[in-house]
Structure formats: C-alpha cells, structure tokens
Amino acid sequence: MNKKIQWGAICLSIVLFVGFVGQNVQADVLRINPGTPVDVVNCAAGIALVGGVDTGKVSAPGDTCQLAPGTFALPAPAIITLANLTFTSRDGANVTSVLGVAGGTFIIQADGVTIEELSISGSGIAGIEVGPVGVPNEDIRIENNFINGNIGPGIAFRTPGQHEDIHIEGNELRGNAMEGILFDFPVTRVMNVEIVDNKIDSNGPAGFDGISFMNTGNVDNTSVQNNEILRSGGHGVHFAPGVTNVDGVDIDGNVIQANGFSVGGNGVLFANSGQVDANIVNNISNSGDSGINGNTCSGVWFDGAGVVGPFFGGAVTEVDVVIDGNLFSRNGLGASCPGITFINSGNVDDLEFSNNEVDQNASDGVMVLNGSDFSDSTISNNTFSNNGNTPAFFLGLVGGNGFTGMPMGDVEGILFQGNTADQNFIHGSLLASRTSDVQDISFVNEQYSNNGQGLPLGGGVPAGLEVTAFGDITNISMTGCRMQSNGGAGAHFDANGANLAAFFAGVANPGDLTDINIDSNAFGFNGASSPAGTGDGVFMNGETVDNVSFTNNFADTNDDNGLHVNSTDDATDIEVMNNELSNNDRNNDEVGAGARIEANEDVSGVMVIGNTLSNNEDGVSVTAGGQNISNVVIDNNPEINNNNSNGVEVDAPDDLSDVQITNNTITGNKVNILVRSTDRGDDVEISGNRLVGASGTGIALESTGVSITQNDIRNHDVGIIATRGDDVGVHNNNIVRNDMGINASGLGVGEELDATNNWWGEPSGPEAPTNRNGLGDEITSKVKYQPFLTSPVGDTGANFQILDFNAPSNVDVGDSATISARVQNTGTEEGNQDISIQIKDSNNTVVKQETQSTPLNPSAETTISIGYLFDRAGTFQVTVSTGSDSQTKTIIVGDGVGSSSSIASAIDTNGNGRIDDDEIREAVVFWINGSTVPGTGGKRIDDDLILDLMAIWIKGESV
C-alpha cells in the first residue's frame, strides 16, 4: 500500500515539473498583434509597435507576429531580420491580406523564419523574397499562403551561398509575373528542400517557370511532392544550366500540366550541367486532373547541350533515374516533342521506367537520344499508346514510337517486361544504336498491337518492335510477347541499319546479328501498312546472321513471311522448332513463307523441326543467293500443308550438301518438296516423309546426290519429276495413286533414274513402257524400276481398328482361356501393320505374346487369337494393339478358395466400407446358388463364410 502511494506521488511530481518547465518556455515566446501596416514592418524588424492592443511591444527572435483579419497595405517592405520569427494570420489567408510595394512585401534576412496563412500580393520584386543580404539560408518555412499578382516571382531565394532545410507547403501561387518559386543564381547549393501540396498556377509569361532552380551548385535531397503546377509560361519544374548535379530529387504525386504558353514548355526540364539522380514517381491519381500532361513540349526532358530551340542549352551528362507510376499524356502538341526525352550528353544508366501510362504525345512516348550508352535499365509494366499520331516532325523523324532508345553509344543490358504498346504512329518500341552495338536485350511478356500505321520520314519501315544498329546486334531474347496487327513487321531485327540510314540520311553500316532467342511469342496480322515484302511476323537481317533460335512461336496471317531470316553474307546455325507458322502472305503478293531463310552467300546449320507450316505461299524456304547450302535438317514437321507454292524448298545456286528432309507430313502444296542445286548435290536425303497431293508435284528433283527412301508419295499429278539423275536413288517408297508416278523425261541423254524396289500400288508393278501388265502408277522411260516391291513399305496411313476383342474377365488356376480380336482397315489406303496380343502378369512381365504382320486393303478384315493356360492366381493384363489402335482388358485368376475379407470387399459394391442390407441379400443369393462372386477370380461363398459375412453386417464392421 505504501509503495503505491509513493509511486503516485512521484508521477504527480514529474507531471507538475514538466508543466512548470513548459510554462517557463512559453513565457519567453510572445505572440504580438501588429495593429497597423506600419506595425507589420516594425514587427519584422524588432521595432516597437505603434498601434493596436500591443502598442509598445517589441518582437524578438522566436516570437510570432499575428495579424488580425483585414488588409495591410505596407508602406515599405517587411524586412525580417529576427531569427525564428513567425508571421501568421489569426484567422487564415482568406481574411488577412498583405499588400506589398515596389521594393517587396516580405524580405527574409534571417534563419528559421516562418510565414504562414497570409494572402500576399502587390510586390514589385517577389511575394516573399529570401535575401539577397543577411544570412537567411536555412530552416525557412512558407506554408498555407495565397501568393498572387506580384510583379516578380511568388517566392524567391536569392541569398548567396547554400540554402537548406526549406519547407514550402500548402501555398497557392497564382498569377505572379515571373516564377512561382525561384532559387536564383546567387544561391549555390540547394539541399533538403520540401515543396509540398502547393498549387502553382498561371505564373509568368513565356520563359518563366512554375518552380525554377537557377542556383549555381547542386540540388540535393529535394522533394517536389503533391503539388499542382499548372499553366506556367515556361516549364513546370526547371533545373537550369547553372545547376551542376541533381542528386536525390523526388518529384512525387504532382499534377504538372499545360506549362509553356509558347513553344517549348516542359513539365519537368533537367538542363543542369552535371548528373541527374532523381525519382519521378506516382504523378497520377484516379480522379480529376492528374499526371504530367498537356505541356507544350515534353512531360520530362533531360537536356544535353547543342540542341536548338526551346531547350535552353542544358548540359546534362549522366542520367540515373526512377520514373514510376506516372501519367504522361498529350505533351508536345505545341512543339512536336516526346512525352519523355533523354538527350543528355553522357550515359543513361540504371533507368527504371515502370508502371507509367504514356499516351497521345506528339512525338515518341519516350525518346532516349543521348550522347553515349544506354545500359542496365528496366522498362516494365508501362502502357504506350497513340503517340505520334499527329503526325509530328522532330529531329528529322516522324515521331510516334511508344518507346525509343537510340543513343550514340552502345545499347546494352536492357529489360523490357510487361509493357503494352498500342496504336503508336511508327513503332511500339524502337531500340537502336546510331554508332555502335546493341547487346544483351530481353523482351518478356510485351504486348504490341496496331502500331506503325505511318511511315518514318526519309523511308524505312514501321514495326511493332524494331531493334537496329549501325553495328552488331548480339544476345537478344524475346519470350511470351504478343505482336499483333502492326503496320510493319511484328518484330524487326536489323543489324544492317537500313532504317537508321533512312532516319539520319546516312549510309547503312552492315553489322552482324548473332545469338537471337525468340521463344513462345505470337506474331499475327502484321504488315498492312508497310512496303511490299516487309510485313513479316519476324524479320532478321544482318551482314551475317548466326545462332538464331526461333522456338514455340505462333506467326499467323502476316502480310508476308511468318519468319524471315536474311543475310547479306552468310546465315549459319538457324534453329526453327515447334512453331506454328501458317496463313502468311495475307495480301496474296506471292511473298510469304511460313519460314524463309536466305543469304546472299552461304547458308549452313539450319534446323526446321516440329513445326506447322500451312496455308502460306511457301511452307519453308531455304535459299542461298550466290553460293552453297549445307548441313540442313528439316525433320518431323507434322504439317507442311496447303501452301500455294512449295511445301519445302531448298535451293542452292552452287553446291547442296548434307541435307536431310525427313519424317515430315507434307500435303496439298503445289510442289511438296523442291530440291535444287545448280552445280552438284551430295548427301541429300529425303526420307520417311508422307507426301500427299491434291494435285501438283510430290518431289521436284533438280539436284544430283539425292537419296529418296521410305516416303509415302500419293495423289499428285506427278509423284516425282526428275531433271537430274546422277548419283540419285529412289528406293523403298510407296509411289501410289499419282496420275504419273515418276516423270524422268527431262533427264539428259544416257541418264537413267534408279527407282528400284518401290511399291507402285499394285503387286504387278508400275505401268511402264517395258511393263504393259503393270497396274500401278505410270512412269516414263529413263526410269529403272525393276525389281519392284509387291507390298507397301511401312505405315501408309491405313487405319487398323480393333472391331471385336474377346477375353474372359475371371478364370481359375488351371483354366485355359482363348483371347481373340477382329481387326479391320477402316482407312482409305492399303497398309501393312503388326497386330499383337500380349499378356502381362501383375509384375508387368510378359507371359505370352503373339504378333502377325498382315497387309490389308481398305475395308478388309483379319482375326488374331491365342490360347493360354493360367497356372497361378493373380491379375493379368491382356492388350491387343495395331499400328493404329490399342485395347486392354483385365483377367482375374482365382485360386478357387474364398476368404471373408476378399469376399466382403467384392460384396461391398457401393464402396462405403460396410456391408449394407442389399449387399448381404446379394451375398445370400451367391451362397444359395453356389455361384462365383464377381471380382474375386472365381471364388464362392460356403457355409462358414456366409456366417462371417452376416456377423460383419450385423456388427456394422468395416470390410
């Protein structure tokens, strides 16, 4: 009890002590009420008041000069020389006005001054001026004032030296004749400044800004946050050429709109002479006016000297900024400017440009046109739409790319991820180097559609995405992107710089295109606005093109090719796998393969595997303009169908060597396979293909050194047309139901095509000049056909279906079972398939198997059967299979002896783990009749077992 009383006394003593100390502190700070305009001037300077309730009082540092409602027309500027002095209104800025004179209104010449909740106007210099004499360079607070109609800036900082810890919040600065807020050139360094929640509207004629940093040193750790910066004559926020580095600046949550009454007003202009390290974030809201919009030039501009016009000769070097969560819209309509512009003289490094909406800007959405490298940056989750649709002209370009990265140096280490680019005038994105290389670029989950309805100035072509250079392009990856309905190609990769030459009126500088990985993307309906031959799903071009992987993509209904690889020298190591490349050549100009791979010199190392290439002009075309083709594999493509010209074309003007066209399904093309070498062929294999024609030609053979084996060649006007026969072998093929099997009439004198050991559709062989009894396909002279096959080769596409499959479900040990199946060829072609019956035990061991090979014509049937004596209990799987069908049944072999657990499980037909009333009745029937219980392998219920089952039923036990 005593301890509680003591603690209470101690706490009470502490409270009283704190209160006493507080009273002493407050006693040293006076709240003085100037009663006249003269008293306002006197209170600022520590002179005795001459009127009102506080006549005779003298202000001191730390005091508050509180103004009553009314208008105070000052006889002279209120020059604040007392540190930590506060000027405020008793009832707010809406009822207390201070009118200045030609020399100024409030002039701050001491540190720690606060001016708040006043209406300030009529100054001939500035509404509030800090300096230029005295030492007012830190801890200045200007809050919740209405500052309007002053001849100079609304607020101006003019004290020479460093300014820091400045807080400007909640003010409205409107209609001042110069800047809204100005840090003037006598100021050197500006740091720790907060400009928050102000409305800065309609200040200055042309050339005067909403907020202007015109100091001569750095701007550090400064926040411009949640302001409205509107309708300034110059720029919204301006870092002028006198400023050196801009470091740690946050421009956050503002509305920066309609700045620049004349041409050249940017929302934010960095024209300082050093580096920029800034965060421009969240300048967007969900309601009302928001974003960095409607400025006569760019929303944000990084200026790097030497640019004429409205950009004020800045000299920004390096740029390292975060631009996240902003709206940049309708900028540049007065000056044909992009939404965001980088033309700094040095690098753009570590740019994070994310979650922005960039639309309806006069030129590009974003333009990086800096003087050195663009590197190590992320462009993610932005929307670029309707940029450049004015159309607008800037720097010799028709503006209108969603995003442009086009520095003078390298483009390196850039990630584009999750962006949407829609209806931009030229490109969704353009990435290029004007003097050097592009490398290590990734595009992930990009969505580009309806871009490129216009053409670049000076020529060139539009595209959804373009990557180009006056140098090499290396290590580009593209995954999960959708490039749809763009005016030019869906994606355009050009190391020859053709578009750059058009843009800059230069000469293309050929470079190499290497290490390109395009995987799991969609390219559809591209090319409607581009010149003929440039409307591809994907176009790749370089002096050499090497190590390209194009896999798992969908390129459909493009004006020209689905994939087009073009090299002015050699094309090597091109992999095209598991794509669907169909319905290209949409404009029917006969330029449009599913996959076109061509070079002016050699082509080698091409793999085309696992693709669907249908309804194009050509399915796959591999051509060399002047030299050789070697090491080509076109294999296991499930559909190369219904192309207007060639299904597969391999065409070398010189030598053709080491080519494999194997295991493809190629149907309904004008020519299913064309193989041509002007000089000679060597080790060319056409094997295992299914070639079916609606008409046309199966194989057009115009090369030596070709082996044609194991193919199914059907339903063509001509199965094979051969114009060369040297070192050519046509063996073990099915050549059937063609109007003519082989036409070799074009061979030279003394030449003969070796076509022995083929199936011609009938055991009697082909219809030949020397085989009048042959009922098979017709052949011309110059074909050596004997000996010929009397049955088909391999699987011809016949369909062997199992009509009946008979096997017992239950037997006992020692029983013999007969297993049989009836099989019919339900297809439209003859065939020869293995028919097999196989029995496996519960260990997956084959205990019996029988196979027969049976040729069947369409609608013909056969029966296969086996018998087997089961010598042990268990579960056996019986499978009947053909080349086209398979069925499996289970045989349970019982030992003839039952048990309560196994019988109970079989009796539990509803699977609830109990024996129900209906189930026990069924068990009694089995017991009385002495019949086997289904699912037990032939077990029966005896007298003892029925008693066990009844006990389980009565007790409700689990089975």
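**Buried polar residues and nonpolar cores**

D303 sits in strand β29, which spans residues 300-303. The model discussed here is predicted.

Student: Is D303 buried or exposed?
Tutor: Buried means under 20% relative accessible area. D303 falls under that cut-off, so it counts as buried, with a value of 0%.

Student: Which side chain makes a polar contact with that of D303?
Tutor: D303 belongs to strand β29. The polar contact is 3.5 Å long and joins the D303 side chain to that of W301.

Student: How many Å separate D303 and G794 in space, C-alpha to C-alpha?
Tutor: In sequence, D303 and G794 are 491 residues apart. In space, their C-alpha atoms are apart by 72 Å.

Student: Where is N486?
Tutor: Two strands frame N486: β49 (482-484) and β50 (489-494). N486 lies between them, in the loop.

Student: Why is N486 classed as buried?
Tutor: The cut-off for buried is under 20% relative accessible area. N486 is classed as buried because its relative accessible area is 1%.

Student: Which backbone oxygen does the side chain of N486 reach?
Tutor: N486 is in contact with Y448, S449, N450 and N451, among others beyond four places in sequence. A polar atom of its side chain lies 3.5 Å from the backbone nitrogen of N450. The side chain of N486 also reaches a backbone oxygen at 3.2 Å, that of Y448.

Student: What is the relative accessible area of N771?
Tutor: N771 is in the loop between β77 (753-754) and β78 (783-784). Buried requires under 20%. N771 meets that cut-off and is therefore buried, at 12%.

Student: Which residue offers the backbone oxygen that the side chain of N771 reaches?
Tutor: Not counting residues up to four places away in sequence, N771 touches S764, G765, P766, Y785 and F788. The side chain of N771 reaches a backbone oxygen at 2.8 Å, and that oxygen belongs to P766.

Student: How many residues are in the largest nonpolar core?
Tutor: Six of its residues touch the most other members: F87, F106, F270, F342, F493 and M540. The size of this core is 159 residues.

Student: How many residues make up the second, separate core?
Tutor: A817, I866, F870 and V880 are included in the second core. The count for this separate core is 22 residues.

Student: Which residues does F493 touch, not counting those up to four places away in sequence?
Tutor: F493 is one of the residues that touch the most other members of the largest nonpolar core. Beyond four places in sequence, F493 touches L465, V467, I476, M478, L513, I518, V538, F539, M540 and N541.

Notes:
Residues are numbered from 1 along each chain as its sequence is written. This is a predicted model: local features need pLDDT of at least 70, side-chain atom pairs count only at pLDDT 80 or more; totals for chains, interfaces and linings use all residues. Side-chain values use heavy atoms; hydrogens and water are left out. A nonpolar core is a set of buried Ala, Val, Leu, Ile, Met, Phe, Trp, Tyr and Cys residues joined through side-chain atoms within 4.5 Å. Buried means under 20% relative accessible area, exposed over 50%, partly exposed in between (1.4 Å probe, protein chains only). Contact means heavy atoms within 4.5 Å. Helices (H or I, at least four residues) and strands (E, at least two) are DSSP runs, numbered from the N terminus. A polar contact is a pair of N or O atoms within 3.5 Å; within protein, one must be able to donate a hydrogen and the other to accept it, and residues adjacent in sequence count only if both atoms are side-chain atoms.
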